[in-house]
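Good morning, colleagues. Please take a moment to look at the sequence and the structure on the screen before I begin.

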Amino acid sequence: MKKITKMNEAAWVIGIIFCALGVCMCTKANFGLSMIAAPPYIFHVWLRDVFPWFTQGTSEYAWQAIILLVACVAMRRFKARYILSFGAAVLSGWALDGWFLLFGGNGAYEDLVLRIVMFVLGELVTTMAVAFIFRTTLPVQIYELVVCELADKFKLDKNKVKLVFDIVMLVLSAVFSFTLTGGFGGFGIGTIVITVINAPLIAMFGKIIDKIFVFDSRFPKLSGKA
């Protein structure tokens, strides 16, 4: 089968839109979000009554901005391209709010079967989207950027940095959930399940899409500058 080429830019768009869709679906399932998505959701729940404009999407890119600032202080450096990654985070936040608009808000479903279906589909959609994002050369969101930059700055193995980063986010999710919401707001059994199965699913989808697509760029000069 002939592969579909020039997918670099399309992979970035697919990653941004469908990663947001996956988070939306898992939020509606209410079994707990991933260790990455849980903290901004918790902050959204904590502040939405005081600041009605503080949507889950807004909380998403505000939280990523905080992570970037902390990382810049730790690394003692800042690069102009970090701004592009923040722009990707903002677009992802807008996409997330757009999906919630289509789904009638971010309130959880009540039917157990529907919640299970939404959780499973949401996790599959998210990991597929991440597999696409990993194959683009365009600016990634700040989560991935920070892992790569920390590994480069301190000459560490990227996989080990990613593992530590995920563990830190998992611990923060639990702490924020119980201290700010007084319960399991955004953190639950689903968070643990996602932590365990995320990497294998991303790898599985990566192998599948590599058989179908080639991730070269339609605009190599623009992509290289970005």
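I shall go from the overall fold to the surface, then to the cysteines, and finally to one isoleucine.

Please keep in mind throughout that this is a predicted model.

Let me begin with the fold. The protein contains nine helices and zero strands. Reading along the sequence, one therefore meets the pattern α-α-α-α-α-α-α-α-α, with strands counted as DSSP runs of at least two residues. The C-alpha trace spans about 50 × 45 × 30 Å along its principal axes. How does the radius of gyration compare with that of a compact globule? For 226 residues, a compact globule would be expected to have a value near 17 Å, and the protein has 17 Å, so the two agree.

The contacts add to this picture. Among contacts between residues at least 6 apart in sequence, 82% join residues that are at least 24 apart. As for burial, 47% of the 226 residues are buried.

I turn now to the surface. The protein exposes about 11,800 Å², and carbon and sulfur atoms supply 73% of that area. There are 21 positive and 14 negative charges, and the mean positions of the two sets lie 10 Å apart.

Next, the cysteines. A disulfide is a covalent bond between the sulfur atoms of two cysteines. How many disulfides does the model contain? The count is zero. Why is Cys72 not bonded to another cysteine? The closest cysteine sulfur to that of Cys72 belongs to Cys148 and is 14 Å away, which is too far for a bond. The cut-off applied here is 2.5 Å between the sulfur atoms. Cys148, likewise, is in no disulfide, the sulfur of Cys72 being the nearest cysteine sulfur to its own.

Are these two residues buried or exposed, or something in between? Cys72 has a relative accessible area of 11%, and therefore counts as buried, the limit being under 20%. Cys148 has a relative accessible area of 31%, so this residue is classed as partly exposed.

Finally, I would draw your attention to Ile17. Where does this residue sit? Ile17 is found in helix α1, which covers residues 8-29. With a relative accessibility of 34%, Ile17 counts as partly exposed. Ile17 and Ala129 are separated by 112 residues in sequence, yet their C-alpha atoms are 8.1 Å apart in space.

To close, I return to two points: the protein has nine helices and zero strands, and its count of disulfides is zero. Thank you for your attention.

Key. Residues numbered from 1 in each chain as written. Predicted model: local features only at pLDDT ≥ 70, side-chain atom pairs only at ≥ 80, totals over all residues. Heavy atoms only, no water. Helix = DSSP H or I, 4+ residues; strand = E, 2+ residues; numbered from the N terminus. Rg over C-alpha atoms; globule rule 2.2 N^0.38 Å. Buried < 20%, exposed > 50% of the residue type's maximum accessible area, 1.4 Å probe, protein only. Contact = heavy atoms within 4.5 Å. Areas by Shrake-Rupley, 256 points an atom, 1.4 Å probe, with all protein chains shown as cover. Lys, Arg positive; Asp, Glu negative; His and termini not counted. Charge placed at Lys NZ, Arg CZ, Asp CG, Glu CD.
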